Amino acid sequence: MAISKILCMKDTGKSYHGKSLKNAIDYIIDPEKTDDGRLVQGLNCLPDVAFEQMKQTKQSFGKLDKRQGYHLILSFKEGEVETDMAMEITKRFAGEYLGKEFEAIYAVHTNTDCIHSHIIYNSVSFLTGKKYRYERGDWANEIQ
């Protein structure tokens with residue numbers, strides 16, 4: 001398994017805070033890519049209302065602007081795992097990496113030759129209201 005990307009989602013404007021976060025969530029939960037939604041789960045939030053819960057957390061702490069969330073992609077070599085094992089690995093990774101502070105939604109995609117998963121998590125902790133801080137070098141030193 002390799003973490004192939006981390007993307008930061010910034011605010012897209014005052015008229016619709018969180019548009020990039022909403023679009024990213026909609027992309028990863030696509031039923032055509034997730035075995036009709038069977039391969040979608042949430043961490044500290046419910047998948048069906050993940051965006052609304054994340055937005056509510058931001059509103060509660062007055063942090064609707066700037067960075068909205070983060071998007072991690074876990075890639076597996078062709079034939080390395082079956083879908084259910086990829087889901088379990090993604091679930092464990094999200095739980096260990098994000099702990100009990102951040103809301104996340106994750107999904108395994110089966111629409112390509114190589115199974116891969118996506119994790120999208122809120123930039124604001126629902127417990128403390130502190131923003132997750134991604135620093136230069138975290139990718140190589142902490143995440144991978």
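A disulfide here is a pair of cysteine sulfur atoms within 2.5 Å, and this predicted model holds zero of them. If you want to look at cysteines anyway, select Cys-45 and Cys-114. Cys-45 is buried at 7% relative accessibility, while Cys-114 is partly exposed at 31%.

**Get your bearings**

Colour the chain by secondary structure. You should find four helices and five strands, running β-α-β-α-β-α-β-β-α from the N terminus. Of the 144 residues, 41% are buried. Among contacts with a separation of 6 or more, 75% link residues 24 or more positions apart.

**Into the core**

Next, select Leu-98, Ile-119 and Tyr-121. These have the most contacts inside the largest nonpolar core, a set of 20 residues. Strand 3 (67–75), helix 3 (83–98), strand 4 (104–109) and strand 5 each supply at least two of its residues. Helix 3 gives the most, with five. In soluble globular proteins, nonpolar side chains tend to be buried together.

Centre on Ile-119 and show what surrounds it. Beyond its neighbours within four places in sequence, Ile-119 contacts residues including Tyr-70, Leu-72 and Leu-74, then Phe-93, Ala-94 and Leu-98, and also Ala-104 and Tyr-106. Apart from this core lies another, of twelve residues; pick out Phe-51, Met-54, Ile-105 and Ile-120, which are among them.

**A buried acid**

Now go to Glu-103, in the loop between helix 3 and strand 4. Which side chain of opposite charge is nearest to Glu-103? That is Lys-58, at 7.1 Å; Glu-103 is buried yet has no salt bridge. A salt bridge needs the nitrogen within 4 Å of the carboxyl oxygen.

Turn on polar contacts and you'll see what Glu-103 does have. Its side chain meets that of Thr-57 at 2.7 Å and that of Asn-122 at 2.8 Å. Widen the selection to everything Glu-103 touches, leaving out residues up to four places away in sequence, and you pick up Cys-45 from the opening stop, along with Leu-43, Gln-53, Met-54, Ile-120, Tyr-121 and Phe-126, among others.

**A histidine in strand 5**

Slide over to His-116, in strand 5 (residues 116–122). Is His-116 buried or exposed? At 13% relative accessibility, His-116 counts as buried. Its side chain makes a polar contact of 3.4 Å with the side chain of Thr-112. Setting aside neighbours within four places in sequence, His-116 is also in contact with Ile-73, Leu-74, Ser-75 and Phe-76, as well as Ala-107, Val-108, His-109 and Asn-111.

**Salt bridges to finish**

How many salt bridges does the structure hold? There are four. Start in helix 1 (residues 19–28), where Lys-22 and Asp-26 sit four residues apart, about one turn. Their side chains meet at 3.0 Å, N to O. Both are partly exposed: Lys-22 has a relative accessible area of 23% and Asp-26 one of 35%.

Then try Glu-88 and Arg-92, whose salt bridge is 3.1 Å, N to O. These two are four residues apart in helix 3, so about one helical turn separates them. Glu-88 is partly exposed at 32%, whereas Arg-92 counts as exposed at 53%.

Last stop: Asp-35, Arg-38 and Asp-84, joined into one network by salt bridges that share partners. Zoom in on Asp-35 and Arg-38, where the closest N and O atoms are 2.7 Å apart. Asp-35 is partly exposed at 40%, and so is Arg-38, at 44%.

Key: Residues are numbered from 1 along each chain as its sequence is written. This is a predicted model: local features need pLDDT of at least 70, side-chain atom pairs count only at pLDDT 80 or more; totals for chains, interfaces and linings use all residues. Side-chain values use heavy atoms; hydrogens and water are left out. Buried means under 20% relative accessible area, exposed over 50%, partly exposed in between (1.4 Å probe, protein chains only). A polar contact is a pair of N or O atoms within 3.5 Å; within protein, one must be able to donate a hydrogen and the other to accept it, and residues adjacent in sequence count only if both atoms are side-chain atoms. Contact means heavy atoms within 4.5 Å. A nonpolar core is a set of buried Ala, Val, Leu, Ile, Met, Phe, Trp, Tyr and Cys residues joined through side-chain atoms within 4.5 Å. Lys and Arg count as positive and Asp and Glu as negative; His and the chain ends are not counted.
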